[in-house]
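Please open the structure in your viewer and keep the selection tool at hand. The tour moves from one part of the chain to the next.

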Amino acid sequence: MIIDVHGHYTTAPAALGAWRDLQIAALKDPANAPSASALKISDDELRESIETNQLKKMRERGSDLTIFSPRASFMAHHIGDFQTSSTWAAICNELCARVAAMFPDHFVGAAMLPQSPGIDPASCLPELEKCVRDYGFVGLNLNPDPSGGHWTSPPLTDRHWYPLYEKMVELDVAAMIHVSTSCNACFHTTGAHYLNADTTAFMQCLTGDLFKDFPTLKFLIPHGGGAVPYHWGRFRGLAQELKKPLLDEHLLENVFFDTCVYHQPGIDLLTKVIPVKNVLFASEMIGAVRGIDPATGHYYDDTKRYIEATPHLSDADRQLVYEGNARRVFPRLDARLKAQGR
Ligand SMILES: [Zn+2]
C-alpha cells in the first residue's frame, strides 16, 4: 500500500477563494462579513474537483491513500484575527472532511488550525478536537510562524505551544510543521519561506529539549526537511557543541521527514543521510511545483518514481517509506486502515 502523507486541497472549487476574498474585504467593513453558510459547494462540484485532479493522478502514479489537508498557502494565518482564522479553518476543514467521507478508501483528513499571530495556541484546541473526533482526521498542520514570514511567535520548543502538544499526545495525532503564505517580500512562499521554516523547525528542536517533556510527540518536517539532510554534518556538529545527545537519540524518535523533493539526487541524498525509518512518502501533488521536468519528461512532483529508482533502497526499505512509517507516525490512520481490513 502506498500512502502519500502530504496532500492539500489545492483544487477546491473557485467559490472557496471567492468566499475568502469577501471575508478579507470585510475586515475593513465588518457589516459585509460573509457567513460560513453563504459558501455553497455541491457534492458534484467537490467530487469533480477531486476525481479530475488528485484522484486521477493517484491512479496514474499508483498511490492509494492521501493524508489530505486544506491548502497550506491559503491558511494565511496573518490575515485578520482569531475569529477570521477560526471561521476560515472551520470551512476549509469541513471541505476536507467531505472529501474524506466521499472517498474513504483514498483520502483521510489532517486539520488546519485557526492560528493567529499573538494568540494562545490553546484557542485552536476545539477545532482540532472536532476534526479528530467528529471528522476522523489523523493529523494536523502546525504553522510555526502565523505571522507569515516575520517569525513573531516563540520557538516550537517554548512552553507557549505546550497546550497544543498536550492535546496532540492525548489525541495521538502527529503534526506536519507547515508554514503558509509569506507576507515578507524577502521570502518567496514556496521557494524560500517553506524551506526556511522546515530548516528552522528542525534547528529549534535541536537546541531545545522538547521531546524530554513529550516523548511520544511526533513532528513531520515536510519538503524533505528543507536544508537539514544536505547539512546533516553541520547539525550533528552543532548538537555536539551544545552537549546534546546524538541526533538519533535526541530527535529521531520524534522527528520525521517527507519525500517532497523534486529530483532524483535529492531523494538519493535524503534516504542515504536520514534513517529510512524516519522518511515518509509524500508528493504534495498539484502543489507548488506543477510542471514537467524537461530532463526526465515526468512531473517534478511524481515523487514515487524517485523512490522506485533509488539504488540503495531495498524492498523492505520502500515498504517502510510507502506505508510502515506512516502507520507508525499516524496511529489513528493505522487503526482506521485496520478497521477497513487494510
Ligand atoms: Zn504542503
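A nonpolar core is a set of buried Ala, Val, Leu, Ile, Met, Phe, Trp, Tyr and Cys residues joined through C-beta atoms within 7 Å. With that in mind, remember throughout that this is a predicted model.

Begin with the whole protein, whose secondary structure comes to 15 helices and 10 strands. Its radius of gyration is 19 Å, close to the 20 Å that the globule rule gives for 342 residues, so the protein is as compact as a globular protein of that length. Of those 342 residues, 44% count as buried.

Next, select Phe-68, Val-99, Leu-220, Ile-221 and Leu-280, which, among the 85 residues of the largest nonpolar core, touch the most other members. Then add helix α5 (residues 82-102), which gives this core its largest share, nine residues.

Stay with Ile-221 and show its surroundings: leaving aside residues up to four places away in sequence, Ile-221 touches Ile-177, Asp-198, Ala-201, Phe-202, Val-255, Phe-256 and Phe-257.

Now select strand β5 (residues 174-177), where Ala-174 and Met-176 point one way while Ala-175 and Ile-177 point the other way, and all are buried. On which strand does the residue opposite Met-176 lie? Met-176 stands opposite Leu-220 in β6, and β5 pairs with strand β6 (residues 219-221) in the parallel sense over two bridges.

Finally, select strand β4 (residues 139-142), which pairs with β5 in the parallel sense over four bridges, with Gly-139 standing opposite Ala-174. Add helix α7 (residues 162-171) to see how β4, α7 and β5 make a right-handed β-α-β unit.

Notes
Residues numbered from 1 in each chain as written. Predicted model: local features only at pLDDT ≥ 70, side-chain atom pairs only at ≥ 80, totals over all residues. Rg over C-alpha atoms; globule rule 2.2 N^0.38 Å. Buried ≥ 20, exposed ≤ 12 C-beta atoms within 10 Å, placed from the backbone. Contact = placed C-beta atoms within 7 Å. Pairing = 2+ DSSP bridges. Right-handed = clockwise from strand over helix to strand, strands pointing away.
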